Amino acid sequence: MPNKLPNPYEEEIDEPTIRVSPTVCWFVAGIFLGLLSLPPLMRNLTAFLDPAGWVPVVEFFVRPTDEALNLLADKKRSDPRITRKSPNFIDHRESWEAKLEDAEFSEAPRRQLQAALTTILQEGNRKTVIGEDGWLFFRPAIDALSGYGPLKGEPDSVAKDPTRPPWQGPKAAILEFAEQLQAKNVELMLVPIPVKPMIYGLNGEPYAEPLLHRDAFKFYTELEQAGVAVLDLAPAMVAWARDTEVFLKQDTHWNPRTMERGARAISDVIRSREWFAEVDSLPSRFSYEPGKAAYVGDLVEKLDFPEDRNPFVEERVSLTHVISTENREPIDIYDRESPIVLLGDSFTNIFSAESMQWGTNAGFAQHLSRHLGLSLDTIAQNGQASTGVRQTLASRPEALEGKKLVVWAIAARDLFLSETVARETNVEWLPVTFNDAPKPKPYSEGALVLKGEVIARAVVQDPKTVSYPDSLYEVKYRVVEVVQGEFVESEVLVVHWGFQNRELLPSSKYQIGEVRELVLVPFDEKPDLQSINRSGLDDFLLIPYWAEEE
């Protein structure tokens with residue numbers, strides 16, 4: 001019996017024979033080996049020419065790049081299983097790949113190609129979808145309307161990175177947060193702020209009713225059954241859209257009029273609470289005055305055109321600035337003594353934070369304060385409403401003392417993103433632990449100048465991949481010398497700039513072991529920085545300072 005079945009078509013198969021001379025083989029092999037040698041040669045060229053001599057390629061792991069260190073720190077923050085102290089090969093490769101898109105040799109051609117695709121074919125990119133009549137849409141917001149959501153986890157597959165951190169969806173995080181608040185007799189009100197594709201089709205026409213993820217009703221119902229008050233603005237926003245536009249056409253966010261109407265609707269619900277009758281509410285302490293703003297919009301920015309080939313013009317809006325009746329100055333929305341905490345994201349910061357370029361003192365927190373007749377304790381960070389704002393609140397000593405309500409206003413898309421899209425857009429739902437430590441000692445009065453050695457630092461994320469243009473991060477120093485002022489602690493927590501306008505700053509590269517002289521002021525005394533995303537160290541025992549001069 002033959003070992004294998006005969007092939008009846010063997011005689012018909014034409015099997016070409018390829019012959020290559022040894023000279024050609026050696027030539028091709030030489031090119032291949034040369035290409036393999038080129039990266040270490042280029043990397044070490046400067047060191048090779050230096051009198052100190054050749055630096056071996058193995059130093060690649062001993063002298064990790066700032067990008068690789070940041071990437072590893074970000075992984076360790078999300079995944080406690082990671083214990084390595086130095087980046088491995090995968091960390092280096094991933095950090096290098098992340099820089100490819102913005103490398104000098106790729107950025108200019110990509111931007112020129114995008115301008116041509118948009119101008120000629122009306123084609124967007126991975127972030128911006130181009131609709132009709134000048135309407136632009138955020139692609140992840142469209143993705144949030146379908147696929148796996150908060151009730152059914154995305155299945156595993158061989159295509160996913162097996163070393164990725166564990167994933168927790170929004171439901172568990174929200175319920176745990178609500179339990180933490182309820183333990184202190186504080187109510188949680190979740191306000192999912194609709195995003196543009198929930199209200200408008202790509203043709204710019206509003207729907208008859210909001211377009212929601214299929215799990216939305218059941219998800220909200222389960223949260224309410226667990227004691228979370230859910231105030232969904234989508235039905236009201238669809239009704240408003242029948243009469244007037246409710247979103248900025250070239251931006252992700254609601255327009256000023258819609259934002260003001262939303263603030264009034266939420267204030268009406270808050271005012272109906274029994275405890276509100278005991279609150280010092282006085283609407284007359286707030287006044288308002290008209291204003292204007294103009295900006296091309298964040299969705300145009302995400303298209304990343306060359307500066308001289310941007311076909312979009314600025315969108316202009318009318319604002320209502322909220323001011324103090326007494327002194328005609330902007331109102332305080334960062335009042336730690338307020339009974340109401342407002343947690344928010346860019347929907348809260350727009351028309352309020354200067355970095356968003358849509359004007360100031362006219363945002364959601366200001367108008368909610370105006371309708372409630374009291375100041376708010378606001379924590380709003382662009383792109384960080386899922387975890388970052390909760391971490392900031394939880395890190396405060398006695399964070400919930402005197403609080404009655406936490407209003408958690410979050411872009412609805414973040415609640416319904418599948419795991420894959422959420423990871424791509426840096427949306428995560430990490431658990432938080434509230435600070436049970438006693439209040440730190442008060443600040444020293446007067447100017448404070450210290451010399452400190454870096455002993456720990458938070459991660460600075462890649463400014464090209466996150467949804468916000470500016471970011472801060474925390475660094476812990478061991479106090480080496482008190483140059484000026486009084487300071488009795490052995491350690492100090494200092495907030496530095498990570499990046500501005502999506503450009504990493506020198507302060508983002510401070511590394512463990514460096515000694516720096518710091519001119520410090522209390523971070524809470526910098527109201528213009530409170531709305532900027534901040535990457536923290538979760539150190540509850542130290543009061544954060546701001547490095548005034550770096």
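This section describes the sheets, the helix packing and one buried loop residue of a predicted model.

The chain has 550 residues, and its secondary structure comprises 18 helices and 16 strands. Of the residues in the chain, 48% count as buried. Among contacts with a separation of 6 or more, 74% are made by residues 24 or more positions apart.

One open sheet is formed by five strands with parallel pairing, in the order β4-β3-β9-β7-β8. The edges of this sheet are β4 (229-230) and β8 (377-380), each of which pairs on one side only. Within the sheet, strand β3 (residues 187-193) pairs with strand β9 (residues 405-411) in the parallel sense, and seven bridges connect the two. In this pairing, E187 stands opposite L405 of β9. Strands of a sheet pair through backbone hydrogen bonds, in either a parallel or an antiparallel sense.

Antiparallel pairing is found around strand β10 (residues 448-457), which is joined to strand β14 (residues 515-522) by six bridges. V449 has V519 in β14 as its bridge partner. Strand β10 also runs antiparallel to strand β11 (residues 471-484), and eight bridges join these two strands. Here the bridge partner of L450 is V482 in β11. Strand β10 is thus bridged both to β14 and to β11.

Helix α12 (residues 256-271) lies across three strands of the parallel sheet, namely β3, β7 (340-344) and β9. Its direction is at about 160 degrees to that of β3.

Helix α12 also packs with helix α15 (residues 364-372), at an angle of about 45 degrees and with the axes 8 Å apart. Because of this angle, α12 is oblique to α15. The crossing of the two helices is right-handed. On the side of α12, the contact involves M259, E260, G262, A263, R264, I266, S267, I270 and R271, while α15 contributes F364, H367, L368, H371 and L372. By class, the residues of this contact are seven nonpolar, four polar and three charged.

A second helix pair consists of α8 (residues 170-182) and α10 (residues 216-225), which pack at an angle of about 20 degrees with their axes 10 Å apart. The angle is under 35 degrees, and α8 is therefore roughly parallel to α10. Helix α8 passes α10 in a right-handed crossing. The contact brings P170, K171, I174 and L175 of α8 against F219, E222 and L223 of α10. This contact has five nonpolar and two charged residues, and no polar ones.

The loop between α11 (234-241) and α12 contains N255. The relative accessible area of N255 is 11%, which means that this residue is buried, the cut-off being under 20%. Leaving aside residues up to four places away in sequence, N255 touches E245, V246, F247, L248 and F351. The C-alpha atom of N255 is separated by 9.8 Å from that of F347, a residue 92 positions away along the chain.

Note on methods:
Residues are numbered from 1 along each chain as its sequence is written. This is a predicted model: local features need pLDDT of at least 70, side-chain atom pairs count only at pLDDT 80 or more; totals for chains, interfaces and linings use all residues. Side-chain values use heavy atoms; hydrogens and water are left out. Axes are lines fitted to C-alpha atoms, for helices over the stretch in contact, and angles run from 0 to 180 degrees between N-to-C directions. Helices (H or I, at least four residues) and strands (E, at least two) are DSSP runs, numbered from the N terminus. Angles under 35 degrees count as roughly parallel, over 145 as roughly antiparallel, 65 to 115 as roughly perpendicular and the rest as oblique. A crossing is left-handed if the near helix is turned anticlockwise from the far one by less than a right angle, and right-handed if clockwise. Contact means heavy atoms within 4.5 Å. Ala, Val, Leu, Ile, Met, Phe, Trp, Tyr, Cys and Pro count as nonpolar, Asp, Glu, Lys and Arg as charged, and the others, Gly among them, as polar. Two strands pair if DSSP finds at least two bridges between them. Buried means under 20% relative accessible area, exposed over 50%, partly exposed in between (1.4 Å probe, protein chains only).
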